[in-house]
Amino acid sequence: MTSDSSITRGIVERFHNAYEKHRPDDLDDLIGEGCVLENTAPGQDGARYDGREACLDFWKGVASSANLVFKAEEIWASEDRGIIRWQLRWGGGEKDRTRGINIMRVRDGKIVEGLGYVKG
């Protein structure tokens, strides 16, 4: 793993840990200016958020929700790209869950792109 890959992986792990531990403030120093987020919902393409504040507000809202339980299946990084395969639960029933993936781009030690996809 290259040095860039190590840095990217560390940042992506910290990002995901903010969700698993419900610590939205841990995201504050991880999101870069000019960040772009494509969410998993609604519908076919998902909502788009442009700019650090818009991305940070959305991600902090999700990370602060005690009803959502994220678990990483795999975290992978190469150069400036990081991938998180995850499971999400929002209830106790078998159908109260989904699996998905976030494809992240890191530049200068900050997340500048997050593309989210779910299994439908």
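In which strand is E113 found? In this predicted model, E113 belongs to strand β6, which covers residues 110–118. The side chain of E113 makes a polar contact with the side chain of R81, at 3.0 Å. R81 also appears among the residues that E113 touches, once residues up to four places away in sequence are set aside. The others in that set are C35, V36, I103, M104 and R105.

The pockets were examined next. Rolling a probe the size of a water molecule over the atoms shows where empty space is left. The largest pocket has a volume of about 340 Å³. Its lining comprises 22 residues, and those closest to the centre of the pocket are N39, T40, V62, F70 and W86. Several elements of secondary structure contribute to this lining. Helices α1 (3–20) and α2 (52–63) each supply at least two residues. So do the strands β1 (31–38), β4 (81–89), β5 (97–107) and β6. By residue class, the lining of the largest pocket divides into 14 nonpolar, seven polar and one charged.

Aromatic side chains were then considered. A pair of aromatic rings is described by the distance of the centres and the angle of the planes. Five aromatic pairs are found in a search of the whole structure. In one of them, the ring centres of F15 and Y19 lie 5.1 Å apart. Their planes stand at 55 degrees, so this pair is tilted. Both residues sit in helix α1, four residues apart, and are therefore separated by about one helical turn. F15 is buried, at 2% relative accessibility. Y19 is buried as well, with a relative accessible area of 6%.

F15 also pairs with W59. Here the ring centres are 5.0 Å apart and the planes meet at 80 degrees, so the pair is edge-to-face. F15 lies in helix α1 and W59 in helix α2. The pair therefore ties together parts that are 44 residues apart in sequence. W59 is buried, because its relative accessible area of 4% falls under the 20% cut-off. F15, Y19 and W59 join F70 and W86 in one aromatic cluster. Two members of this cluster, F70 and W86, are also among the residues closest to the centre of the largest pocket.

Some backbone features fall in loops. The peptide bond from A41 to P42 is cis, with omega near 0 degrees. P42 lies in the loop between β1 and β2 (48–50). Two residues that are not glycines have a positive phi. H22 has a phi of about 55 degrees and is found in the loop between α1 and β1. D108 likewise has a phi of about 55 degrees, but is found in the loop between β5 and β6. What is the exposure of these two residues? H22 is partly exposed, with a relative accessible area of 29%. D108 is exposed, with a relative accessible area of 76%.

L30 is found in the loop between α1 and β1, as is H22. L30 counts as buried, at 1% relative accessibility. Which residues is L30 in contact with, leaving aside its neighbours within four places in sequence? The contacts are I11, R14, F15, K110 and I111. F15 thus links this set to the aromatic pairs, being a contact of L30 and a ring partner of W59. L30 and C55 are 25 residues apart in sequence, with their C-alpha atoms 11 Å apart in space.

D4 lies in helix α1, the helix that also holds F15 and Y19. D4 is partly exposed, with a relative accessible area of 49%. The C-alpha atoms of D4 and K119 are separated by 30 Å. Along the chain, D4 and K119 are 115 residues apart.

Technical notes: Residues numbered from 1 in each chain as written. Predicted model: local features only at pLDDT ≥ 70, side-chain atom pairs only at ≥ 80, totals over all residues. Heavy atoms only, no water. Polar contact = N/O pair within 3.5 Å; in protein donor to acceptor, adjacent residues only side chain to side chain. Contact = heavy atoms within 4.5 Å. 1 Å grid on protein atoms, 1.4 Å probe; cavity = no way out; pocket = protein on both sides within 12 Å on 5 of 7 lines; lining within 4 Å. Points joined across faces, edges and corners; volume = space filled by probe spheres on them. Nonpolar A, V, L, I, M, F, W, Y, C, P; charged D, E, K, R; others polar. Phe/Tyr/Trp six-rings, centres within 6.5 Å; stacked < 30°, edge-to-face > 60°. Buried < 20%, exposed > 50% of the residue type's maximum accessible area, 1.4 Å probe, protein only.
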